[in-house]
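Reader: I'm new to protein structures, and I'd like to look closely at just one part of this one. Could you walk me through a sheet and then show me what lies elsewhere in the chain that holds it?

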Amino acid sequence: MKIRDIMMDGLFRQNPTLKLVLGVCSTLALTTSAFDSFGMGIAVTFVLVCSNVIVSLLRNVIPDKVRIPAFVLVIATFVTIVQLFLRKYVNALYASFGVFLPLIVVNCIILGRAEGFASKNKVGFAALDGLFMGLGYTWAMVLIGGIREILGYGTFFGIKLWDFTIDFFASQAGAFFTYGIVIALFVLVWNAIERSQKLKKASANDAPVVEEQKEEN
Amino acid sequence: MSDAVKTTIKSIAVLLCIAVASGLLLAVCNDVFYYEAGGASDFEALIEGNWSVVEVNGEFANDNGSISQIAENGTAHVGFIVSGNGVGKSGAYTMAIIIDRATNKVAAVKTIEMGATSSGYDLSQEQLDSYVGVEIADSTAFDTVPSNALVAGATGSSKAINNAFKVVGAYYTIYYLGGSAVDPTEEYLGYLGQISTETFTKAEVDGSITISNGRLLLVAESATQVGFYVESTSDGGNVDNGAYRLAIVVDRATAQIASAKVIEEGATIPGYEVSQTTINAYVGQAITSATVFDTFEGGLIDSSSLNAGMTNTGWTQSSRTVRNAFQMVANYYFNAYMGGKHLTSLQTLAPGQTWTIVPVADATALTGSTILCLAESDQGKIGMVVSAINDGTNVNNIMNGEYIIAVVIDRATNALESAVIVKDGWVSMDMFAVPQDKVNAYVGTIIDSATVFDTFEGGLIAAEGYLNYGMTNTGWTQSSRAVRRAFQAVANCYFAEYIGG
């Protein structure tokens, strides 16, 4: 397994927000501002890395039948730590997250990576998977949050850009709309990139064949 | 022992181990990230910083409410969790209020616990933010509710919230400004007693009127006069001087300055004091507009006449500061007592005309309505701004508040030319609002009797069509009846004043 593959999977190929469409609740609810989106992304990344490491370390110890409750126990521990940390040091963010902070426990991305990757791979790979999945989630959140904040409030990371605002983008309907548009654009661009890479590979493989055929003719 | 049993025991043991390890880790983290729940977190959410809870002074007591927690953000801010006593139908409001210690101004506010019976009577954050920037100079800082925080139909909630601010104002004055929280009203009334023989009682300051270059410390009313105790500040000239405090009395019948006196001298340079003789130049001057004293120079002192060695010319700053006090009084009196603040409604409704306020002493308003402003234009129009409340029956506790309408009547034809609702009495249920087309139904009516609108039903809205919520009420909606009542008052007043009924 290549580190590059883990990185590309987390950031793009299996981006949890834009390709796998996981963790939708928090994506829709917390992308009202780029700052909140960034904060949520970092919180999820921390929990992903830590829970992946622990799950990977215990992968040979945890009996198969109780793996899900064991994973939830591990994830809940780290979510609680994030909660305690944010409440003390970043209270505004803590208040802003509301119920979506404890709900990280049942975030499909985290449980999915614990079950699908960390429980089957070595610690180093599991940690990297958690890191890049978290970063993939973070950039997607910041992108959606940034678009909504700029159009809905005329600000970016709280910095005023202009007075022009479209209230729709600040609303929940705006969250669905923006999320849908971003997914569509991401898939469009990513598919185009993959197609062009395949074509390049194909043309690189075909080139000598064409030469041989010419010789035969 | 079978494999299944072994697996079960192992499963339980593993889960227990993870739970114990998690518990230990969280116990450590809980200590490391220990955070005292309560007020500090509410302040942190409003203004980030290093908040620490401090003890509330046990000797403090206030009739308007109580303080449950105080926290300080270093020396930059002080935050209060304070409960303001309920007023009317509203229960007590618990608020988080932060004061900027450098400026002594309200820096942030939020509601912790609503006292209103429903969210429809609660104040929005935008309305609460009207308090932001209000300076606490003494314990009277919140005697006047900011205009945007005094919500029609939710006045109980507005005043309960204001009570919370009053408590903070009193505490901050005593323990952060080192002042006294004793109500100074009696003292201020005493100053009015020095220049008038009338008996004054304190009146509520109209927060919708903008006050500049100073503060209205007291507005008081007697049967024939209005008394002011004001503090005027310097308007920024070249010689520094402090604030002046003056007692000024206005005669209600003539709108003239009846008497005035400097109570606290503001001049810091000997010789620059403003004498009583100079003050008397204002006495007898009539308040004909909000800006009547803006160009009045009778009470100004030429600075060059005082000190030949000084290079500055023009009027002394001290005499200009005194004039500021009279400007403040004229502005307030014209707007609050002569209906001046309502002129803008007429100017909007009938632009391009010059309106002159006419005394409404002889105008007759009906019960439940008030003629707020009667004015004549230079183009033969009569303008009126009238307030009215509902005429009684309330249905299922759905209240509607005060309606204010502005109308323009053509003096030549006695026809009601145009009308608009300036203030909508409905605060929560938009469906009961009176639309402009219902107001337009009154337009065109010839006012040939005082009761021309008493039986007019063109502007009323049938309640049956709207009230499908189990209500037994029939007839016309209260809101449309309140609007008709305002038009009835218009007809009554116009007929009495201009047709001679």
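In what order do the five strands of the open sheet in chain B lie, and is their pairing parallel or antiparallel?

Author: Happy to! This is a predicted model, in which local features need pLDDT of at least 70 and side-chain atom pairs count only at pLDDT 80 or more, while totals for chains, interfaces and linings use all residues. Residues are numbered from 1 along each chain as its sequence is written, and chains are lettered from A and ligands numbered from 1 in the order in which they are written.

Now your sheet. The order is β1-β2-β3-β4-β5 in chain B, and these five strands form an open sheet with antiparallel pairing (two strands pair if DSSP finds at least two bridges between them). The names come from DSSP runs, numbered from the N terminus: helices are H or I runs of at least four residues, and strands are E runs of at least two. At the edges sit β1 (51–54) and β5 (105–113) of chain B, each of which pairs on one side only. From one strand to the next, the twist averages 25° (axes are lines fitted to C-alpha atoms, for helices over the stretch in contact, and angles run from 0 to 180 degrees between N-to-C directions).

Let's zoom in on one pair. Strand β2 of chain B (residues 65–73) and strand β3 of chain B (residues 77–84) are joined by eight bridges in the antiparallel sense. You can pick out one partnership by eye: Q69(B) has I81(B) as its bridge partner in β3(B). A helix packs on this sheet too: α4 of chain B (residues 155–175) touches β2, β3 and β4 (93–100) of chain B, with contact meaning that C-beta atoms, placed from the backbone, lie within 7 Å. The direction of α4(B) makes about 135° with that of β3(B).

It helps to step back to the whole chain. Chain B has 10 helices and 15 strands, and 41% of its 501 residues are buried (20 or more other C-beta atoms within 10 Å of a residue's own; 12 or fewer would be exposed, and in between is partly exposed, with C-beta atoms placed from the backbone). Among chain B contacts between residues at least 6 apart in sequence, 59% join residues at least 24 apart.

Further along the chain, look at strand β9 of chain B (residues 244–251). Seven of the eight residues in β9(B) are buried. On one hand, β9(B) pairs with strand β8 (residues 225–232) of chain B over eight bridges, in the antiparallel sense, and there Q225(B) has D251(B) as its bridge partner. On the other, β9(B) pairs with strand β10 (residues 256–264) of chain B, also antiparallel, over seven bridges; here L246(B) is matched with V262(B). The hairpin of β9(B) and β10(B) has four residues between the strands, and A255(B) in that hairpin takes a positive phi near 55°.

Finally, what do these strands meet? Helix α5 of chain B (residues 185–193) has Y188(B), Y191(B) and L192(B) buried. Looking down the axis of α5(B), the buried residues fall within an arc of 100°, so they line one face of the helix (the arc is that of the directions from the helix axis to the C-beta atoms). That buried set of α5(B) packs against β7 (214–221), β8, β9 and β10 of chain B.

Conventions: Contact = placed C-beta atoms within 7 Å.
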